[in-house]
Every structure is written in structure tokens, then in C-alpha cells.
Amino acid sequence: MNKVLKWSLIVLGSLIVLLVAAAVIVPIVFKDDIKRLAQKEIDKSVNAEVVFEGFDLTLFRNFPNVTVQVGNLGVMNREPFAGEMLFATEELEVEVNLKDILFGDQLRLKGISLINPVINVKVLKDGRANYDIAVPSADTTTTEESGDFSFGIDHWEIVNGDITYDDASLPFKMAMIGLNHDGSGDFDQDEFDLKTHTVVDSLDVIYDGTAYMSEKKLTLDAIISIAEQYSKYTFKENSAKINDFAMSFDGWFKMNESDYQMDITFKSPDNSFKSLLSIIPGMYTQDFKDIETSGDLAFNGAVKGTYSEKQMPAFNVNLLVKDAMFKYPQLPTAINNINVDLLIDNKDGVIDNTVIDLKKMHLDFGKNPVDAKALITKMYPTNLDAEVKAKLNLAELTSMFPLEGLEMKGAYALDLKAKGVYDSLKKTIPAIEAAMSLNNGYVKSKEFPLPMQDLHFTSTIKNSTGRMAETFINVNDLSMVVDNEKFAADLALQNLDDYTWDLKAKGGIDLEKITKIFPVDGMRFAGKVNADIVTKGKYSDLQAERYEKLPTSGKATLTAFKYTAKDLPYEVNLKTASMVFDPKKITLERLQGTVGHSDINVSGSLMNYLGYVLGKDGSIKGNVNFASNYLDLNQFMTDDGTTSTDTASYGVIEIPKNIDFALNTNIKKTQLMDYTITDATGDIIVRDGIANLSGLHFTMLGGAFVVNGAYNTQDIKHPKYDFGLKIDKLSIREAANKSSLVASYAPIAGLVSGNFSTDFRISGELLNSMMPNLSTVNGAGNVKIAQASLKDSKLISGVTSLTSLKDADQVTLKDVMMATSISNGRLSVKPFDVKFGEYKTTVTGSTGLDKSVDYNLKMDVPAGKLGTEYNALIAKYTGGKTDPNKNIPLTVTIGGKYDAPKINVDMAEQKAQAQEAITNAAKEEGQKQLEKAVKGTEAEKYVKDILGTSKKDSTVATTTDTAKTKAPSATDEVQKKLEEDAKKKIQNLLKKKNQ
């Protein structure tokens, strides 16, 4: 009994050890196989690049659960989202109960964790989404049968995640930074509670370009009952907090196949005015907790009905603030008597029927009250009734708001009333009466200590009928002084259907000082503008070019101008610019400066400048003289502004569509990619996105160029060119080394020494690298070579090796005129003469983009120069010996690829000679055999008569008949023998030829 127990314990212990060993060894041994299998299944089912580095499978971390860990997991999209990250996580961990895997009919996940994930969801305007990465099943007819298998999950969590949802089809964007979320729910049940806890450190919500939330903190705790096969969600216990503003929800939300149904109410359980302040942009700072506040708050609303593509639910929002105030702890003055009564109501889900009723808004900035009310009873056409009154002492604002580094003074007043209908189709606006003024204004910021002072203006807007043509806007006595420089202006603008203006402006402005007071994001200006301009007129006269009705006069100068921008890879510096204005044009008396590496000197005139500035007619016209000592076009092409010889880094130079210029150019040196162009002169007409070149002369690669034609960027994705080129004395080798066009279509040119001239027409498309798209090239023209030579080529060595012409190791070209054309990816040349050594050779054929060559070389060579082997080949075809002094017509074919040519001798002429010899030999032998066969017979004299008589002689037929009558057996026998012998001889000759 003891032995049995002992052995039982040993066996049991061994089994336990075996199971433990298996638990340790199996995941290690099969880990790589499981990883490969997972990658294989992913590749089959996912249309995206899925990568992961770490992969771990263990039973011991959370025994008896199987734990799978995947490290550095990423999902990268393909077209049309190529290169964009959809999902990435530092670690993905999944726990599965081992018992469920081995014995259960339910797969219950114990937990899923995402550590530091980044999720980027993007939807294009056409509805295509980057999360749609599943590969469609090949079998679309098979439906899955429901079985007993079920699914459940105990817990999931996201730790420190960043999630972005960007939907251009709405347009809506939401970004959550620092998301921490956990939840649980038994999805195996027909009805269960989903419990979640969510914290977002920074939440941004943007709709149609307007930011409704920016960098807000979100906390959400919810228990939601899920039923009806996951389609109905009922709010049980929940609370949401945005910054300090809390809300709770009641009701339900149901997802149907084609719409959503809902009945949801929401309210703020906290009636503190301070909580409302926390969601106002800019208010939630580190000092916010110390702000003194008082006042009552009521906030509630509801959404009820159906949402679909054609229907909206009814909704309402109520906000009531009563007797509130707030005061920053370090500032002496409070903002008091804050009262707001706002209702947003829609009873039927029709957006146009939404009512926005701001019944009251009042607040006191110290002793300065602000009052407003507005009622909008219809969205479109918009029915508006609004009033705003305000009087502000700007100096007191700094005692109420923390405006660090900004000092303001002045008395500002606004009184506005607007009532009526805005209808863009009927061109009506509400009747408006508004007055605005600023006196003794002063603005100073810490970024720029020089203040803008003595700032004042008065402005009125009046429209009593609602017709846009009867709108009157006046800005009177606008004046300011910056660093002792005064600027003053007056503007009268009326008739918004046909802008009618009267503007006077005089004074100096320091652009750097202005932009430091009013900074422009991403841009910096410097320089001084002095202007004295008077202009008046109507836009209809401007459109009709009735310049005599647009009295404009004055002068403006710009000195020491500098412009930089974060998205501009170069700096613009203008030393001086002087302009004189009249109704028709601006005369550029002088404009000198630099743009990046390039210097410019411009003079001329600009027309339609008013239309261009007003933006109604986008084209500005001009006749301009443009000169430069050095023009670096590469800076206008590359993304980073650096010059690079890698053509892949260049981009297309776009011709603006709103410029209509005639440029007379004189440029000493131009850099374009890795080309250096010198002494460029000529006319360039820029219009509608096309640059037309007329008689443009320049020198490049040692050759002289004249270009006429067009460069077209109207379709910037497919820029086109169509040029006539006249080139004189350009290096053939340089052209091949610097031009992809020459190198691709005439690769042998890289080995040729000498110059060429051409008169060529060429057209096609350009790539983004500004290089020709070779498959689209079409062209034709003549190429003239005065003197050139070629040696050390596979083509030459192949010809000399095959023909044994050892003295033909160099090709020379002298006074050669080649007629060439490019079409369908091939360069073709018509016959032209060169010399292989001393042997005149006629060349014709073509070269393809695929490097294929197809050429014929026709030569007349003395037979004695060809060598015994080649002469034997000739003799085999001709049937006799070759006279060594006789010229043999020799045709060489070149096929295959340029860098691996296949060179052969074309024996077509020799074959023809051999065939003629065979025929003559057969006839001669047949005649001898016939004479021998009839010798001594009665038919002898008749045969001689036949052989000596012309075939055209009418007696031949009679004589032949007589011969057959006299000696029929003899003639038949001879004929048969002649046929047999002739066949044998021909067969033997052909056999020798083929050998």
C-alpha cells in the first residue's frame, strides 16, 4: 500500500513537473511560429502595413490566464492615406482564461490594455475613411452560421492615449491628448451595464473651422445600460465635467439601421457661476482656483426625436446667470452685475426654425456698462433684431483682466442697432445704425516698447432700408503716431452692390513697429512706408476700365523692407521701392532688392491694381523690365530652400494665374537645378498660368540657345512645355551628361567628342522634379554636326570584331545633317553618312527609352579588307571566289540594348546573288545534258534548233512539237532527267549555303 502511494505520488509529481515544464517551454518553442501565423493572417485580412517588434506569450504572469503582449505595434495606411499612421501603441496586452480556451464555448477576455497608444482617424470629404482597412472576403455569398460560441470581457484600459478624429465630410475635428480610460461590461448578456471612467487632459473640438473647445480637461464617469443587441443605451448613473463645469444626463439613445432615436435631458447640478467661467477660452489658468466669484447659474437642455441624413431631433438649451461677478485675486476691480438670459430652442428639428433669444446680457466693467440683446427667429433668411451698447475706459480693463505685457488707454464707445432680414440671394441686410469711436487711444506691448499713441477715429454705419446699395460706411479722422511718425486717413464707402469709395491716406508707417504691436502669426515685416494717396471711384468703372472716372493720384515709397515667414524658405529684402499712382496704373520708378540669393532690379508699370487689391478681378497687369545679376530659381522650387543637385528634391515652378505681365528680361546668371545659364535676354509673357517665351537668348553648357514657346502650369499636376529650340555649338558630351532627354534617347552621345547645332521643336509634360516626363516627349528637327568623333564604344568594337575591319575603330562625323524625330518613346534618325575609319557608312534607325537600339549600317568595303573568313562567307553565298579589289556592299544590323548590343551582318544581297547563280547553273547544266542525250538521234538537229532559237520566235513551238514527234521517247527521257538533276543540284547548293 505504501509502495502504491509512493509510486502514485511520484507519478503525480512527474505529471505536475511535466505540465509546468510544458507551460514554460511551449510558449517559448512555438512563440515564433505563432508570431509568423499572426502576421500571415493579418496580411490576408488587412489592407494596411501592420508591424510589431516585441511578441511575448506566457502562462505565468497572470496564471491561469494566457497573457499575450505585443510591443511597438503600428498600423500604417495605404492609398489614399499612404504614409499616415492609423494606430500605434507602445504595448498591447491581452489576457485570456486558459480554461475557456481549452474547454469552454465562450471566449472571455480577462483584460485588454493599450499603453501610450496614438489613434488617428481621418475621413475625407468623399466619405472615404482611413479605418476602412479590412480586405473584403472573396466569398460574398456564404453567410456565417451562428453557433454556440460567445464572447465576453471583464476589463479594458487605455493608458495615456492620444486620439484624433478628423472628419472633413462634416466638417468636424476632435483631439484628445492624455486620455486615460477604463471600463468593463459583459457583452455575452442580452442586457448589461457598461461601466466606464475617462479622464482627458486636453480636449479640442472644432466644427466648420470654429473652435468650440480648446485645451479643456474632461472627466467622465458613466454607467450605461445596454440592451436590444447593443443598439439601445440608457443613462443610469453618470457625470461629465469640462474643466469645472459639470453636467449629468438622463434618458436613452438608440441606434437603428438608418437613423438614431433619442430622448436625452441634461443639466448642470452645480449652480456656481465659477464653473461656467472655466469653459470660457483663456479663463482656465493656474490662478483660476483663486478667482473670487458669486452669482447663480442654471443650465439645462434636452434633445428629443430622430436624427438621420434628412432629419434632426428637436432640442433646446437654457442658460440663466443672475447677479454674478468675478474678480482676479491680484487685480483691484471686479466685473459686476453679470446677468444673462439665453434660450436656444428648436421645436421640430428643422434647423431654419431655430430660435436664438438672448433676452438679456448686462455686465459692468467697473463703472462702464455693456448691454446687449438679440433675437434670431429664423436661420435663413436670417431674421435679426439686435442691440449693443458699450462704453469702456480701456485703461480700467487692465485692472479687471490679467493683460500681462499689454497696456491700453482711451475711451471706446459703441452703439449699434440692427433689425431686419439678411438674404444673400435677394441682397438684403438688416437695417443698421451704428456709431463707434475711440479717443485718446494708446497701445503698448512688452514685445515692442514704442507705443501707438494719439490714436483716435470716429466711424458710422447706416442703412435705413435694408438694401445693400443704400449702405453708408464712414471712417473719419483715423490717426495715430508711432515713434513720432504720424499716419492719418479718411474713408467713405457706400453701395455694397457697386463699391463706391473715397479714400485719403497720408503719413509714414514703420511696418516692424506695427507688426510688433499687432503681430501676424508666422510672418515678420520691417521697413518704412511713406504715402500720400487720394483715390475715389466706383467698382463698376474699374471693371469697365473707365479710368478717367477713377481720379487717383499720389506717391508711395518703401525703404529697407524685409519680409520673412515660417513657410517661406527665403527672405525678401527691398532696398528701395518708389511708386507713382494714377487712375490707370502704378508706375514703378525703381524697385531694387534681393529675394533669397537673387538680386532684382525692376521698373515698369502695373495696371488694374485696384481690382487686384479689392479682390474682385484677380488679375494684375503689367509691363515690366526685369534685370538681375544672379537669379537662383532653385529657391522657388525646393521645399527647404536649399540648393540640391538631386533633381528629386525640386518642385514645379508655378506660374500664377492672376498675373498678366510682359517681362523684358536681362539676367546675367541664372541657376536652375544644376544648370548655370548666362546672359539671358528676351521677352516673357506671363498670363493665365502660362509663360510664353519670345526670342529668349542665353548661353548654357557652352552653347548658344534661342527659345520660343510656352511653359504651361494651368494644371499644376501635369505641367506642359512646347518649345522651339535653336542651339549653336553645344558640346555633344555635355548635353548627354546634363540632359536626361539626350542621355535617354541618345546614350551614345556621352562618348562623342565634338559640338552640334540644331533647330528642333519639342513638347511634352514635366515631372515634379522639373525634368521631362520622357514617355510624353514628341519632337522633330535637324541636328547639324560640323566635326565629331567616337571611339572606345561597344558598338564600334562589335562591328570591327564581326567584320574584321581593324582599321575602322573610330567613327568620324563631318558636316553631317541628321533629320530626327521623337515619338512613342523612340528617337528615329533618317539616313545620314559617317565614316568608320576610311569607309563611308550610311546610318539609319532608332533608339528607345528602354535602351533598345535598331540600326542599319550600310558600307562599301574592298573584299581584301574583310579577311579570309569573311570572304569565305561571301563566296559561299555567291558560289565563287571574290575579287580582293572589288567593293563588297556590306550591311550591319545593330539590335538588342545600347549597353549590350547584338551585332550581325545582313547577307540579303549575297543571298540574292547566290540564288541567281543557282538558277543559271541549273539552266546551263540542263542544256548540256539535253545535247548529250539526243546526240546521234533523229532529234539532235531539232534540239540544236531549239537551243539556238529565241523564245520569242514563233517557230519554237512548231519545232518542239516536231522534235517530240520524231523522237518522243528521247525528249521525254531527257526532260525527266533534266528535272531530276536540276533538283539535286539545287538541293546540294542550298544545303551548302545553309551550312
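**Exercise 1.** Classify methionine 255 as buried, partly exposed or exposed in this predicted model.

*Solution.* Start from the relative accessibility of methionine 255, which is 35%. Buried requires under 20% and exposed over 50%, with partly exposed in between. Methionine 255 therefore counts as partly exposed. Next, place the residue: methionine 255 belongs to strand β12, which covers residues 245–255. Finally, look at the surface around it. Met255 joins Tyr260, Tyr307, Met312 and Ile351 in making a nonpolar surface patch of about 410 Å².

**Exercise 2.** Describe the surroundings of aspartate 162, beginning with its strand.

*Solution.* Aspartate 162 sits in strand β7, residues 150–167. Its relative accessibility is 28%, so aspartate 162 counts as partly exposed. Setting aside neighbours within four places in sequence, the contacts of aspartate 162 are Pro117, Val118, Ile119, Met176, Ile177 and Gly178. For glycine 178 there is a specific atom to name: the aspartate 162 side chain reaches its backbone nitrogen at 3.1 Å. As a further distance, the C-alpha atoms of aspartate 162 and alanine 175 are 7.6 Å apart, with 13 residues of separation in sequence.

**Exercise 3.** Find which residues of the largest nonpolar core touch the most other members.

*Solution.* The largest nonpolar core has 91 residues, and Tyr711 and Ile785 touch the most other members. Take tyrosine 711 and leave out residues up to four places away in sequence: those it touches include Val652, Ile655, Ile690, Phe723, Leu766 and Met770. A separate core of 39 residues lies apart from the largest one, with Ile291, Phe326, Leu455 and Phe487 among its members. In soluble globular proteins, nonpolar side chains tend to be buried together.

Definitions and conventions:
Residues are numbered from 1 along each chain as its sequence is written. This is a predicted model: local features need pLDDT of at least 70, side-chain atom pairs count only at pLDDT 80 or more; totals for chains, interfaces and linings use all residues. Side-chain values use heavy atoms; hydrogens and water are left out. Patches are made of residues with over 30% relative accessible area and no salt bridge: like charges are joined within 9 Å, nonpolar side chains (Val, Leu, Ile, Met, Phe, Trp, Tyr) within 5 Å. Accessible areas come from the Shrake-Rupley method with a 1.4 Å probe; for residues, only the protein chains shown count as cover. A salt bridge is a side-chain nitrogen of Lys or Arg within 4 Å of a carboxyl oxygen of Asp or Glu. Helices (H or I, at least four residues) and strands (E, at least two) are DSSP runs, numbered from the N terminus. Buried means under 20% relative accessible area, exposed over 50%, partly exposed in between (1.4 Å probe, protein chains only). Contact means heavy atoms within 4.5 Å. A polar contact is a pair of N or O atoms within 3.5 Å; within protein, one must be able to donate a hydrogen and the other to accept it, and residues adjacent in sequence count only if both atoms are side-chain atoms. A nonpolar core is a set of buried Ala, Val, Leu, Ile, Met, Phe, Trp, Tyr and Cys residues joined through side-chain atoms within 4.5 Å.
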